[in-house]
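Please look at the packing and the empty spaces in this protein. A short report follows the display.

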Amino acid sequence: MTAQPIRYSADLETVREKEPETISGLIEQFDTILETTAKNYGHAVRSVHAKAHGIIEAEMVVKPGLPPELAQGLFAMPGTHKAFMRLSTNAGDILPDAVSLPRGMALKVLDVQGQRLPDAEGSTQDFVMVNGPVFQAPNAEKFLSSLKLLAKTTDKMEGTKVVMSSVLQTVNKGLEAVGVSSPAIQSLGGAPDVDPLGETYFSVTPFRYGDYVAKFRLKPVSPDLTKRTGTEIDVSVREDAIRETVQAEMQETHGVWEFQVQLCRDLEKQPIEDPTVEWKEDDAPFVTVATITAHPQDSWSDEKVQKVDEEMRFSIWTGLTDHQPLGNINRARKDTYRHSAEFRAKFNGCPFHEPAA
């Protein structure tokens, strides 16, 4: 029998010592990445997930008749919302696709009503996900150690990164063949070069879900998407092969994803503060609360690139109080995300806009 969901309370979080100092250190390293890439490109890009592979306009439909524990926040009432999806790769510099890194999916849902998080402009709800269920570091301090290394190699040794990525992909496939998954190896360039349209995306970290606590998942379900699950793209010739592949595929793709919620039911098995621990589905099943549909379109038109990639920011802290980010990693993302966005806006002379319905 599945345990009852844990009710949200502020004391579920444990603030670590020196958390402000760690966040300052993260911002300092992100500045190194931002300043290096802006100088080299003459244009500021994101400090993480800088390279986009596609911008997709979609529609989210919240299911009617959800049980009380699932009818929370954005999903409290059935309805239809316009949405934007940004497919990306997680590096802070714009690398050839041969440097294979985990895929990202940022989702912005429009016209969301309710009490908003502090400093959350507009009326949107953002979800930022990657194509794996766990984070590569248990806390912000450990992540800062990795970020220092990445900051030092930003926009350097591009050829070396391509070769190293090939080696790491081979290592990762060997590990997966014996049933071992390594988020650390994947984050360094050992992720498979899969088609992002067929991937399942995870929030990785936990969030408040109204009266409860949850993680989120975006799962492809339409045949046009599932036929691409696990399909690798040949990135050996073209630097932007993934973007070009997605653009060609979206001309004929009818995409449907299920937006799913995984309620926390056991704080030992589903910890709040350690995102390296996977919440197993046997203990905490995913349940669909909405569907997202995208019709055939140009996923890399000049208009979309300007409107979404340049003029919008995606942050887990943009949204409702009912979906407050939880845990050390999420707390560290608040000021670092905003700092990165403000750097881009100032350098590019392009203020950010939260879209209206």
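Which element gives the most to the lining of the second largest pocket? Helix α7 does, with three residues. The model is a predicted one.

## The second largest pocket

This pocket holds about 150 Å³ of space. Its lining has 14 residues, and Val 45, Ala 50, Ile 94, Asp 309 and Glu 310 are the closest to its centre. Two elements give two or more residues each: β1 and α7 (302-310).

By class, the lining has seven nonpolar residues, one polar and six charged.

## The nonpolar cores

The largest nonpolar core has 58 residues. Met 60, Phe 75 and Phe 259 have the most contacts inside it. Strand β1 (residues 51-62) supplies the largest share of this core, six residues. Another core lies apart from it, with 17 residues. Phe 135, Phe 202, Val 204 and Phe 286 are among them.

What does Met 60 touch, leaving out residues up to four places away in sequence? The list begins with Leu 74, Phe 75, Gly 79, Thr 80 and His 81. It also includes Leu 107, Val 109 and Phe 259. Ala 290, Thr 291 and Ile 292 complete the set.

## Strand β3 and its neighbours

Is β3 buried or exposed? Seven of its seven residues are buried, so the strand is largely enclosed by the rest of the structure. Both faces are covered. On one side, Arg 103, Met 105, Leu 107 and Val 109 are all buried. On the other, Gly 104, Ala 106 and Lys 108 are buried too. Leu 107 and Val 109 are also among the residues that Met 60 touches.

Strand β3 pairs with β2 in the antiparallel sense, over seven bridges. There, Ala 83 stands opposite Val 109 of β3. Strand β3 also joins β4 through six bridges, and these two strands run antiparallel. Here the bridge partner of Ala 106 is Val 128 in β4.

## The largest cavity

How many cavities of 30 Å³ or more does the count give? It comes to three. The largest has a volume of about 280 Å³. Its lining is made up of 20 residues. Arg 46, Val 48, His 49, Phe 314 and Tyr 337 lie nearest its centre.

Which elements give two or more residues to this lining? They are β2 (79-89), β3 (103-109), β4 (125-130) and α8 (328-348). The strands β2, β3 and β4 thus appear again, beside a helix. The largest share, five residues, comes from α8. By class, the lining divides into nine nonpolar, seven polar and four charged residues.

## The second largest cavity

The second largest cavity has a volume of about 60 Å³. Its lining includes Lys 51, Thr 89, Ala 91, Asp 93 and Leu 95. Pro 96, Asp 97, Val 99 and Leu 101 line it as well. Five of the lining residues are nonpolar, one is polar and three are charged.

## Points to keep in view

Met 60 is one of the residues with the most contacts inside the largest core. Strand β3 is buried on both faces and pairs with β2 and β4. The largest cavity draws the largest share of its lining from α8, whereas α7 gives the most to the second largest pocket.

Note on methods
Residues numbered from 1 in each chain as written. Predicted model: local features only at pLDDT ≥ 70, side-chain atom pairs only at ≥ 80, totals over all residues. Heavy atoms only, no water. Core = buried A, V, L, I, M, F, W, Y, C linked by side-chain atoms within 4.5 Å. Buried < 20%, exposed > 50% of the residue type's maximum accessible area, 1.4 Å probe, protein only. Helix = DSSP H or I, 4+ residues; strand = E, 2+ residues; numbered from the N terminus. Contact = heavy atoms within 4.5 Å. 1 Å grid on protein atoms, 1.4 Å probe; cavity = no way out; pocket = protein on both sides within 12 Å on 5 of 7 lines; lining within 4 Å. Points joined across faces, edges and corners; volume = space filled by probe spheres on them. Nonpolar A, V, L, I, M, F, W, Y, C, P; charged D, E, K, R; others polar. Pairing = 2+ DSSP bridges.
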